[in-house]
Amino acid sequence: MAQFPEEQTKGGAFKRQEDAFRDWVKRDGSSPYKPERERYHLYVSFACPWAHRTIIMRKLKGLEEAIGMTVVDPVRDERGWAFRDGPGHSIDPVNGFQFLSEAYVATDPNYRGRVTVPVLWDTKTKRIVSNSDDDLLRMFNSEFAEFATNNYDFAPAELIGQIDALNKTIYERVNNGVYLAGFASRQKVYERAATKLFQTLDELDARLANHRYLLGDGLTETDWRLFVTLIRFDAVYHGHFKCNLRRIVDYPNLWPYLRDLYQHDGVAETVNFDHIKRHYYMTHDEINPTRIVPIGPALDLTAPHERG
C-alpha cells in the first residue's frame, strides 16, 4: 500500500505534488510582499529535508532576528503537522494554530492537497506567501539582504546557470530520488529509482575529488540542497527507504564533504537527529508498521574532514 495514495501512480511510482503557494517577497516593489523586519514567520520541521534547507539559509544569512521561526512536532499523524510543546518543537506563538493545515485553509479555504513544510507566513495579510523551499532559498539569499547580518551569496549571478542545472539533477535523482525508492510500491520502480540514486551519488563523489564544494571553492545553494539528503542518508534512507547499496560513510569524498558542511559555522545546530529519526520511522507506518526507531547509526560528524 502507498504511503501517500493521492501521490501514487498506477504503476507504483511516487509522484510528488506541486507546491501550492508561490508568491514572492520582493525588495523591488514588484510584489505586494515587501521585505520587512518581523513581518514574516517561518513554519518548519527539523525532520523534513525541504524545510531544513530554509532553516540553514535563514541561519547562515543571519536572518533569525528578522524572520521568526516555529518548529512543528516531528511525529505527524492523519491530521498532519501539529504544533505541540516538546523537545525542539513548540506551540504556535503567532496564530495559535494547532495544526499547520489551519494556515493552508486560512490562505485557501478550498485547499485539499497534502500539507507540507516549509511555510512562509505573512503576519500582515494573514496568509501563506510560499510553501516552495526552492523559492524561499532565493528569497532568503537576496530579497532580505538589508536585514541579513552575513553577506554570503549562495546564488551568485555568474553561477546561476550551473546552479540551476545541478540542482535539477540532484533534486530528481537524489533529494527526491530517495523518496522515489522509499515510497515505490513495485519492485522494478524501486530498483530503477535506487539505481539512478547511486549512479548519481557515485558521480557526485567523483566530482568532489577535484573540488572542495560542488561548484568549486565557494559554497552555493546547491551544496546545502545536497547536504540535507546526505545528513539523513545513513540514519534513515539507507535502511528505512531501502537505499542500501552503499552508505555515505563508504564514499571517499562524499563522507568528508558531509563533515565539512556539518562543521560550517551554525549548521550543526540545525541538525536534529531525534526529530529526523522519529519522524520517518514513526510517521511512515506503511513502511515501518512497528514504528520502532533504531538506535543507530553512530556517526562521527565532528572528525577532521581535511578538505580545507
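The following exchange examines why certain descriptive terms are applied to this predicted model.

Colleague: What are the ground rules for this model?

Modeller: The model is predicted, so local features need pLDDT of at least 70 and side-chain atom pairs count only at pLDDT 80 or more, while totals for chains, interfaces and linings use all residues. Residues are numbered from 1 along each chain as its sequence is written, and side-chain values use heavy atoms, with hydrogens and water left out.

Colleague: What makes α1 roughly parallel to α3?

Modeller: Helix α1 (residues 49–61) and helix α3 (residues 133–143) pack at an angle of about 0°, and their axes are 9 Å apart. Axes are lines fitted to C-alpha atoms, for helices over the stretch in contact, and angles run from 0 to 180 degrees between N-to-C directions. Angles under 35 degrees count as roughly parallel, over 145 as roughly antiparallel, 65 to 115 as roughly perpendicular and the rest as oblique. The pair α1 and α3 is therefore roughly parallel. The helices themselves are DSSP runs (H or I, at least four residues), as strands are (E, at least two), numbered from the N terminus.

Colleague: Which residues make the contact between α1 and α3?

Modeller: From α1 come Trp 50, Arg 53, Thr 54, Met 57, Arg 58 and Lys 61, and from α3 come Asp 133, Asp 134, Leu 136, Leu 137, Phe 140 and Asn 141. Contact means heavy atoms within 4.5 Å. These residues divide into five nonpolar, two polar and five charged. In that division Ala, Val, Leu, Ile, Met, Phe, Trp, Tyr, Cys and Pro count as nonpolar, Asp, Glu, Lys and Arg as charged, and the others, Gly among them, as polar.

Colleague: Why is α4 called oblique to α6?

Modeller: Helix α4 (residues 160–175) and helix α6 (residues 187–207) pack at an angle of about 140°, with 9 Å between their axes. That angle belongs to none of the three named ranges, so α4 is oblique to α6. On the α4 side the contact is made by Leu 166, Thr 169, Ile 170, Arg 173 and Val 174; on the α6 side the residues include Leu 197, Leu 201 and Leu 204. The contact of α4 with α6 comprises six nonpolar, three polar and three charged residues.

Colleague: How do you know that Ser 45 is buried?

Modeller: Buried means under 20% relative accessible area, exposed over 50%, and partly exposed in between (1.4 Å probe, protein chains only). Ser 45 has a relative accessible area of 0% and is therefore buried. Ser 45 is found in the loop between β1 (40–44) and α1. Leaving aside neighbours within four places in sequence, Ser 45 is in contact with Ala 51, His 52, Ile 55, Val 71, Val 72, Trp 81 and Val 117.

Colleague: What makes the pairing of the Ser 45 side chain with the backbone nitrogen of Ala 47 a polar contact?

Modeller: A polar contact is a pair of N or O atoms within 3.5 Å; within protein, one must be able to donate a hydrogen and the other to accept it, and residues adjacent in sequence count only if both atoms are side-chain atoms. The side chain of Ser 45 reaches that nitrogen at 2.9 Å.

Colleague: Why are Ser 101 and Arg 291 called partly exposed, and Glu 306 exposed?

Modeller: Ser 101, in helix α2 (residues 101–107), has a relative accessible area of 24% and is therefore partly exposed. Arg 291, at 35%, likewise counts as partly exposed. Glu 306, at 74%, is exposed. Arg 291 has a positive phi of about 60° although it is not a glycine, and phi of Glu 306 is near 55°.

Colleague: What makes helix α8 mostly covered?

Modeller: In α8 (residues 254–262), nine of its nine residues are buried. What covers them includes α6 and α7.

Colleague: What qualifies residues for the largest nonpolar core?

Modeller: A nonpolar core is a set of buried Ala, Val, Leu, Ile, Met, Phe, Trp, Tyr and Cys residues joined through side-chain atoms within 4.5 Å. The largest such core has 91 residues, and those with the most contacts inside it are Leu 100, Phe 140, Leu 201, Phe 227 and Leu 254. Helix α7 (residues 221–237) gives the most to this core, with ten residues.
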